[in-house]
Amino acid sequence: MPMDAKEVETYGRNLTKASSAGEPASSLIKLLDDLRGGVQATEDLLRSTKIGITVNRLKTHKDPAVARKASELVSKWRSDVKKAGAGSATPKSTNSTASPAPSPAPAAKAPPKHNVPPEKRNVNTDGVDYKVTGSATRDNCLKLMYDGLAHMSEEMPKTVLGVARDVELAAYNKYQPETSEGYKTRIRMLYQNLKNKSNPGLRRRVLSGEIAPAKFVTMTHEELMSAEKRAEEERLQRENINKAMVAQAEKSISSTFTCGKCGQKKVSYSQAQTRSADEPMTTFCECTVCGNRWKFS
């Protein structure tokens, strides 16, 4: 019996998780074989489930058998879609009387979208039961993951909850027990990054499976940044390096000068030639006690 869209999406997530977790090639091949036998490829199905993208990534898998299976499956689906398109063309009439034009195929239904405003979504507005782990601490962390992923998303609650559970489980497996500071700190950091208004692409990449849960929970602060933010950070870093390389006037501390503001004799000073070479140098002073600055020639 052909798989429906939900089953295909589940297989896609399982493929992504198995690949990211470094599971044996046999596990990936089994999933690919199931897809080959269970998917009747149509353009709508491949687009809505993104299974074509998921399988296509495996064409570069380090195991040659997995890469070959993925390549064969992508080629088969491409051929099936092409044949389906060719078969839908209106056949030429062999009679002198033109055949009536076929009725247009019904338009494919768009995937259902959630009816709560995206900016207001959370477990409460979506009516989600997040208490599923048997641990109050883990349930609360799962709630944070759901709220972060659902924010500004139009995906249905079932889809968001499935990804949120996978992320929480990956974090628990990596940083357990749930009472550890590492686990709780990591969950809070991921939540803050998911809610970041300047990085909406992160939520989409996690929900689509482009970033696997096992990878997501170990990403560094820099890896979690948007491309724009990362470029800005690199620009600032280059500026700071350039400034650090500019020679600074050397300052000395002297008790010869007296601060006219606080009367202390703890004054740092430096000298620079600010006028023509035959003129005396300018002395720049700064009181180390009150911060008062002055200069004289």
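Met152 lies in the loop between α7 (136-150) and α8, and this loop is a friendly place to begin a walk through the structure, which is a predicted model. Although Met152 is not a glycine, its phi is positive, at about 65°. The residue is partly exposed, with a relative accessible area of 44%; this label applies because the value falls between the 20% limit for buried residues and the 50% limit for exposed ones.

A second residue shows a similar backbone feature. Lys50 is found in the loop between α3 (43-49) and α4 (51-57). Its phi is near 60°, again a positive value in a residue other than glycine. Like Met152, which has a relative accessible area of 44%, Lys50 is partly exposed, and its own value is 38%.

Further along the chain, the backbone has another feature to look for. The peptide bond that joins Gln176 and Pro177 is cis, with an omega of about 5°. Pro177 belongs to the loop between α8 (157-175) and α9 (181-194). Helix α8 therefore has one of these backbone features in the loop on each side: Met152 sits in the loop between α7 and α8, and Pro177 in the loop between α8 and α9.

The other neighbour of α7 is also worth a visit. Asp129 is found in the loop between α6 (123-126) and α7. Is Asp129 buried or exposed? Asp129 is exposed, because its relative accessible area of 53% is over the 50% cut-off. The side chain of Asp129 reaches back to the main chain, coming to 3.2 Å from the backbone nitrogen of Lys131. Asp129 can also be placed relative to Lys143: the two residues are 14 apart along the chain, and their C-alpha atoms are separated by 9.2 Å.

With these local details in place, the whole chain can be viewed. It has 13 helices and four strands. Of its 297 residues, 32% are buried. The chain exposes about 18800 Å², and carbon and sulfur atoms supply 52% of that area. Contacts between residues at least 6 apart in sequence can also be sorted by how far apart the partners are along the chain: 53% of these contacts join residues at least 24 apart.

Notes
Residues numbered from 1 in each chain as written. Predicted model: local features only at pLDDT ≥ 70, side-chain atom pairs only at ≥ 80, totals over all residues. Heavy atoms only, no water. Helix = DSSP H or I, 4+ residues; strand = E, 2+ residues; numbered from the N terminus. Buried < 20%, exposed > 50% of the residue type's maximum accessible area, 1.4 Å probe, protein only. Contact = heavy atoms within 4.5 Å. Areas by Shrake-Rupley, 256 points an atom, 1.4 Å probe, with all protein chains shown as cover. Polar contact = N/O pair within 3.5 Å; in protein donor to acceptor, adjacent residues only side chain to side chain.
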